[in-house]
Every structure is written in C-alpha cells, then in structure tokens.
Amino acid sequence: ALYSQPSTPKLFLSKPFVEASLVKGSLKTLVLLPKYLDVMEWVAMSMFDFYNNVNLFYGAVSEHCTAKDCPTMTAGDQLVYTWVDNNNKHVKLPASTYIDYVFTWIQALLEDQSIFPTRAGVPFPANFPSTCKHMYRQMLRVFAHLYQAHFEDILHLRIEPHLNSLFAHYLVFGQEFDILDQKELRGPSSTPTGIGYLYDAWRTSGKLD
Amino acid sequence: GQGDKNKDDYVYFNRSTAGFSDEAVPKAKAAQLKLEHYYKLAVEAAVERNGRRVELERKLAADPNMSDERKQKQLQALGKKESTFLRLKRTKLGLDDFRTVKVIGKGAFGEVRLVQKLDTGKIYAMKSLHKNEMLKRDQLAHVRAERDVLAESNSPWVVQLFYSFQDSAYLYLVMEFLPGGDLMTMLIKYDTFSEDVTRFYMAECVLAIEAVHKLGFIHRDIKPDNILIDKDGHIKLSDFGLSTGFHKQHDSAYYQKLLDSANGVQQSAAPARNSVMVNPIHLTVSSKDQIATWKANRRKLAYSTVGTPDYIAPEIFLMQGYSNECDWWSLGAIMFECLVGYPPFCSENTHETYKKILDWRNHLIFPDDVHLSRESEEMIRGLLTSQNVRLNVEQIKNHSFFYGVEWDAIREIDAPFVPHLRSITDTSYFPDDQLDAVPDRPSGTDTSGNKDLAFLGYTFKRFNLTDKAL
Ligand SMILES: Nc1ncnc2c1ncn2[C@@H]1O[C@H](COP(=O)(O)OP(=O)(O)OP(=O)(O)O)[C@@H](O)[C@H]1O
C-alpha cells in the first residue's frame, strides 16, 4: 500500500472493508458551508446529527463493550484515553463508562439553550467554536474505539459501509471547519493511531477530498 | 508489484450474528436504515437549498431596477431564513410544546385536537395516530402517504402540514386549523343543499381533486368528513388516509418487510392486504326516514375504524386496478348526498353497501320526492358509472351543471356559508357530542422500539414558513 501500516494488521484497513462505503461521491459537497448561511448554525446542526448518528452505531455494538471486554478506552495499540474528572484528575475508565460519560456530556450540551440555542433570536455563545472542538475530539475517540475494539462486531452486523461513510464524513467535516486536531490521529511517537492509519489510507485514496 | 500487494490485502471474513443478542441485530438494522435515510435527506436538502439560492440569484440578476445593495440584502435574508431552518431542525418538538384547547374530531387511529403552540401562541389542529393500531391494520403506507402529500404541497386545496413528530405510542401531525368544520357536519345540519350551494362545493371539490391528482396522488377516500371548511367558507381536502402515491416507491409491504427483517421474521408468501376492511356496523334504514336514520348513524360511522364505504368506487372493491377516476365516482356520491340527503348506496350495513355499489346499475335510484334538475342528474350519472365511460376532469368542468362557474376565481368569491367566528380558537363548528370521553392528551402506551422502524423519517418541519413556525 502507499500508506504505512500498523505492525499488527487491522481489519478496518484491509480490503474490501477499508473501501466499503454507503455514500458514493464527494463528501465535501455535503460538508461545505452553503452560501449565505450562518456558519454557527451549520456547525451546530452537523454536530447534532453526528452525535445522533454515532450513537446508533455504538448502540448496536454496546453489548460487547463491557468492562470485561474493554477494560480501558483504547484507540491504538498503545494509546489509552483518560477522562478528566471533576477534580481535574486524569482517570482510566472502562470504555463503556468513558463513552457513557462522553454521550451524557454531549447530550447535556446539545440540550443547553445557552450553548445550542434553538429559540429564535438567541445567539450562540462566544466559546461555541471551542466547545465544538472539544465535543469533536471526544466523539472522535468514540469512533476510534469502535474501529479499534469493535470492528469485528461491525462486520458481523454488516454495518461497515455505513460506519465508514459516517466516519469519513466526520473527518471531512473536521478538516473543513478546522476542529480536527491532527494530534488526535497520532500516537505518542507521532505514529498514527488506528484511526490515524485509516485517515491516511482514506486521504491517499481520495475519499476525504 | 502494487497489484500483488493489493491482493494480499484482501481479507475474507466470516460474518455471523450468532454472538449477538436478539436486540443487537435490529439495532444494527435500524442504524443502517437511519443512516441511509439521513444521507438521502441530506442530499435532498442540499439540492433544494441550492435551488432556492440559484432561483433567487437568477431573479435578482434579471432585475435591472434594484440596487446591488438591496440585492445583497435579499440574499442575506435568504441565508438568514435558511439558517433559521437549520435551527428549527435541531428543535425537538413534542407534546409538551402544545396545549390542548379542545378535542375537535375523531378518526380511525386517534383524535384531532385544537392545540396552541406554547412559545408562539399559534393555533393548529393536531392529529394523533396510534402506532400500534396502525401496525395492526397494516396502515403504514397510509401515514407515510398522508404525510407526504400534506408536506409536499403548497396547494390552497390541501390542508397544510407544519410539523410532524412521534413518541413511543403516537405519530402526530400538526396542521393548519380549519375552523369551519367539515362537510359531513354541515350536511347533518342542513339535510340537503340547494343546487347553487351544491354547485359551489362540487366546483371547489373538482379543483381540489384535480390538484391532488396533479401532485401525483389518488385520494381514494374522498368523503364529506375529509372536506374541511376554512375560515372564509372555502374547502380544503384533508386525510390522505388511503391515498396511494403512485410516484412513491414505498408501500406498507415495504415497511412491513423492513420491520420483519429487523425482527428476524421470515418473509411470508401472503400478499399484503389491500382490501378495505369490513366491520359490521348496522344502519337501520327505512325508506321514509332515511335521512334521519342516516344522520343519526353517520357520525358514529365516521368515528369507527372502518370508515364508511359509501363513497368508494366499485373498481376499488374489485381490485382489478383502478386509477384516479375513482375519486370522481366519490364526488358523484357526495353530490347525490348534497342534493338528496343521503348517499346513493347507503343501506342497513356496510356489506349491503358494498353489494349495492358493485351492482350500482340496479341500485342508483333517484327518489321521486326530491326534485333534481336535468343537469344535476346527468352530472351524477356521468360520475356514478363505469370507469371507462366516467367523465374526466375536463368533461366535468365543461358539463352544463357547472355552467357559469368561474374556475380560476372560485376561491376568491364569497362562499355560501361563511363561519361566524368569535376567536381564533372558536370550535362552535365542531360537534361536541361523543367527544367528551376523549382525554385531553393522548395516553402514552409503551411500544417496543423496533416498531419505530416502520415510522422512520416521519419527522417533518415545513421550510418556507419559518416565521409562522417559530
Ligand atoms: N386541520 C383540521 N382542522 C379542523 N378540523 C379538522 C382538521 N383535521 C381534521 N379535522 C376534524 O377531525 C375529523 C377527523 O379527522 P380525519 O378525517 O382526518 O381523521 P382520520 O383519522 O383520518 O379518520 P378517517 O381515516 O376515518 O377519515 C374531521 O372530520 C374534521 O372534523
């Protein structure tokens, strides 16, 4: 392949699965801010939709995401995500707990009228972009966990074309609005994480253009 | 070489759902379907949004008199409107956003309520449809079609839909409220109409039915209950219960299949039921007080789950294929009722009615004690006749019964009965009998999540009316 491969082969990087997709054509056309539209509204709606959609996939495999099966929130062979608790301490959590925290937190943000206003005339807060960046990073980790730990489940359930399209869409969106942090795709020694390899593979094949 | 490398990459994976619980598979199926639906809608929305922008840009470019500054302002205004619409899409509407003012009607699968949207104070009619009941009766296409027609049309002849949403037990359609009641209530009140009054309603119905046909639909269920009266006394059609969108790809069989496959049910070979359901509802009709008896039972029949077969064309029962002519038959039956006081084939029970409709040649009888003009009788006979010789829309419009009707201006003329309304929530044109027992709020019963699959994509918000919607 034209891109580098992790030391242990990954199913999600293998053919035909790496190429499976529901949506054909340029995802960018779906992501670009339509002319004259308010960028905040556009990003807000997109985040809202991504959250609902990623939830569907985690929901489908969640019965295999137990504290026993996934004792930590891993996203690469070496990378473990930690959750910052109320006392600002980094804690390692079982993936299911971590993801539950992420979803609960995002859900609360989406329902918070001062952050995601739905009433007419109410503006978005000044820190809306940074809040979105934050949300984006946490959801990216959920995707990472789905690929890293549950891709076999995804294959058994025949939803890999769907997950791939959603994730590719997510990456294109993150790039376009500059909330995708490259650091999140690279491990400690600058080698890609699982989804980092996927990102590179898709970039090479033009899927993210 | 590169090719060999690619070959090496190819992995065969044995798929099996053996390791999953009974819930996981339908959840995965739902994820698939919802995502497919999501992308389909996203593309549609992008195309439509783009169309609106290009259209406005084209219009502005063609206007030499407007200043560039004003043109820019208009484009910004469109952007604002579109942005507001995105916000509306994030807004979760639910029952809690509405207050029931009054129950105003009852249909086969739930009730119709006059409601007020709490944040704006706007008044709407909200129809609730019980999901379980609908699934039991294979009425999925029903809702879908109803929503599609209402949602897609901006026609003045069709009741507008503003929102739709669902909870575990019900689907909700939030529509414009038509304060004048319906033609059934009016017929119960007046027994019969004069030929002039009949001409007015029939002419409006002709245009309304034509509008539905032009949208690509056959209504199939035109009856006085579905002809609603607006605040000025003009009519609009509601309840596309049975309408089949022949340009729509999905029918109830499609949804039932989705549901079955999600639930792991094997496909059965039995065809989806297409026939009209039969329930014994007994009407006692003696020739002398036909009108009175008919009236007494009429509303009960309207509230029943079967509905009345009185207006249904014979070819529909025969199930040998039908087309939009069947709606003109219904119009003929309604016209008969307007002039005579009861529909032409009404009988002791629905079974008798079916038989009479199928044998219409021997049962279409104009009573001696009611005088009808030659044109009226001719018109009715031109509609209540076999499919192949039934009048078409042009022949109907040019028929001597409609002599003098100004087809292009009829909605602008004064209607024969204009409702006298004291307020925007005046419900005096709706019967209160038999509705007292209906609770203010639909009582939620829990249904299993799987069923929602059938109602996928049900949620709707109207775009062009954001000012009204917010
Ligand atoms: N938009 C509306 N404004 C005012 N009244 C309405 C409106 N929609 C429905 N109604 C009232 O509620 C009654 C029942 O509505 P509708 O006929 O749509 O119910 P339904 O469930 O479709 O019944 P069916 O399928 O048996 O015809 C109507 O006859 C009418 O009186």
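This is a short selection-by-selection tour of a predicted model, moving from chain A to its contact with chain B and then into the cores.

**Stop 1: chain A.** Select chain A and colour it by secondary structure: six helices and two strands should appear. Walking from the N terminus, you pass the elements in the order α-α-β-β-α-α-α-α. Of its 209 residues, 56% count as buried. The accessible surface of this chain comes to about 8900 Å², with 52% of that on carbon and sulfur atoms.

**Stop 2: the interface.** Now show chain B as well. Here 49 residues of chain A touch 44 residues of chain B, and the two chains bury about 4400 Å² between them, 62% of it on carbon and sulfur atoms. Highlight A:K15, A:Y36 and A:H156, which supply 17% of the area that chain A buries against chain B, more than any other three residues.

**Stop 3: polar links.** How many salt bridges are there between chain A and chain B? The count is four. For one to zoom in on, pick B:R15 and A:E160, whose side chains meet at 2.7 Å, N to O. On the side of chain A that touches chain B, α2, α4 and α5 each supply at least two residues, and α2(A) gives the most, with 11.

**Stop 4: the cores.** Select A:M47 and A:F167, the residues with the most contacts inside the largest nonpolar core, a set of 88 residues. That core also draws at least two residues from α2 (24-61) of chain B. Around A:M47, beyond its close sequence neighbours, look for contacts including A:F116, A:M135 and A:F173. Finish at a separate core of 63 residues, with B:M186 and B:I227 among them.

Key: Residues numbered from 1 in each chain as written. Chains lettered and ligands numbered in written order. Predicted model: local features only at pLDDT ≥ 70, side-chain atom pairs only at ≥ 80, totals over all residues. Heavy atoms only, no water. Core = buried A, V, L, I, M, F, W, Y, C linked by side-chain atoms within 4.5 Å. Buried < 20%, exposed > 50% of the residue type's maximum accessible area, 1.4 Å probe, protein only. Helix = DSSP H or I, 4+ residues; strand = E, 2+ residues; numbered from the N terminus. Contact = heavy atoms within 4.5 Å. Areas by Shrake-Rupley, 256 points an atom, 1.4 Å probe, with all protein chains shown as cover. Buried area = accessible area lost by both parts, 1.4 Å probe. Lists of a residue's contacts leave out its neighbours within four places in sequence.
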